[in-house]
Amino acid sequence: MAHVRVGVGAVVREGERILVLRRAGAHGAGTWGLPGGHQEFGESPEETAVREVAEETGLIVAARSRLGFTDDPMPEIGRHYVTLFIGCERLTGEAQVMEPEKATDLAWLTPDELRARHDELFAPLHRFLDLNPRSTTTM
């Protein structure tokens, strides 16, 4: 039976820049997306964001705010997600690719730089930016 899954995208800021990873080994491979992943049973969106950032980048972050969500049907691969975006503050660590089977590169980009790469973005991030076209503070 088909079902909707919950994904969480962690918006980790450093000044005006946001941490993104080039996805590999899953849907959206080759696109830039936020650190994140599936929310697990019994876990809050904030806990998911903190866990996924640590697993994927080695950074220790604190979840600070709920920024919004996107509805992300992906009929071409038979999936449907609701993606929750969580604003996070970097506490310690230097970002690095910790799971090379899931990401091939990382970058710190401004919201405007992300918008300039519109066609290179993972669908949920692409939609989130489309829903917030003028705001650099939403992210």
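**Strand pairing, helix packing and aromatic contacts in a predicted model**

In this predicted model, strands β1 and β4 pair in the antiparallel sense, and three bridges connect them. Within this pairing, G9 is found opposite G36 of β4. Strand β1 also pairs with β6, here in the parallel sense and over nine bridges, and one of the residue pairs involved is V12 with C88, the latter in β6. A further pairing of β1 is with β2, to which it is joined by two bridges in an antiparallel arrangement; E14 has R17 of β2 as its bridge partner. The hairpin that β1 and β2 form has two residues between the strands, and G15 in this hairpin adopts a positive phi near 65 degrees.

Strand β2 in turn pairs with β7, again in the antiparallel sense, over six bridges. In this pairing L21 stands opposite L106 of β7. Strand β7 itself is mostly covered, with five of its seven residues classed as buried.

These pairings belong to a protein that contains three helices and seven strands, arranged along the sequence in the pattern β-β-β-β-α-β-β-β-α-α. The radius of gyration of the protein is 14 Å, and because a compact globule of 139 residues would have a value near 14 Å, the two agree. The C-alpha trace spans about 40 × 35 × 30 Å along its principal axes. Of the 139 residues, 42% count as buried. When contacts are restricted to residues at least 6 apart in sequence, 65% of them join residues at least 24 apart.

Helix α1 comprises residues 45–57, that is 13 residues, and extends 18 Å from its first C-alpha to its last, close to the 18 Å expected at 1.5 Å a residue. The buried residues of this helix are P45, T48, A49, R51, E52, V53, E56 and T57, and the elements that cover them include β1 (5–14), β2 (17–23), β4 (36–38), β5 (60–74) and β6 (79–92). Strands β1, β2, β4 and β6, which take part in the pairings described above, are thus also among the elements covering the buried residues of α1. Just after the helix, G58 takes a positive phi of about 80 degrees.

Contact with α1 is also made from a loop. E99, placed in the loop between β6 and β7 (103–109), touches E55 and E56 when residues up to four places away in sequence are not counted. With a relative accessible area of 14%, E99 is classed as buried, because that class takes in values under 20%.

A search of the whole structure for aromatic pairs finds one. The rings concerned are those of F85 and F128, which are stacked, with 4.3 Å from centre to centre and 25 degrees between the planes. Since F85 lies in strand β6 and F128 in helix α3 (residues 123–131), the pair ties together parts that are 43 residues apart in sequence. Both F85 and F128 are buried. A separate arrangement involving an aromatic ring is found at F122, where R23 lies over the face of the ring at 3.7 Å from its centre.

Helix α3 also contains P124, which counts as buried at 4% relative accessibility. Leaving aside residues up to four places away in sequence, P124 touches T70, D72, M74, T83 and F85, so that F85 has contact with P124 as well as a stacked pairing with F128. The C-alpha atoms of P124 and E101 are separated by 20 Å, although the two residues are 23 residues apart along the chain.

In contrast to P124, D119 counts as exposed, at 74% relative accessibility. D119 is placed in the loop between α2 (111–116) and α3. D119 and T31 are 88 residues apart in sequence, while their C-alpha atoms are 8.4 Å apart in space.

Technical notes. Residues are numbered from 1 along each chain as its sequence is written. This is a predicted model: local features need pLDDT of at least 70, side-chain atom pairs count only at pLDDT 80 or more; totals for chains, interfaces and linings use all residues. Side-chain values use heavy atoms; hydrogens and water are left out. Helices (H or I, at least four residues) and strands (E, at least two) are DSSP runs, numbered from the N terminus. The expected span of a helix is 1.5 Å times one less than its number of residues. Buried means under 20% relative accessible area, exposed over 50%, partly exposed in between (1.4 Å probe, protein chains only). Contact means heavy atoms within 4.5 Å. Two strands pair if DSSP finds at least two bridges between them. Rings of Phe, Tyr and Trp (its six-membered ring) pair if their centres lie within 6.5 Å; planes under 30 degrees apart count as stacked, over 60 as edge-to-face and the rest as tilted. A charge sits over a ring if NZ of Lys or CZ of Arg is within 6 Å of the ring centre and within 35 degrees of the ring normal. The radius of gyration is taken over C-alpha atoms; the globule rule is 2.2 Å times the number of residues to the power 0.38.
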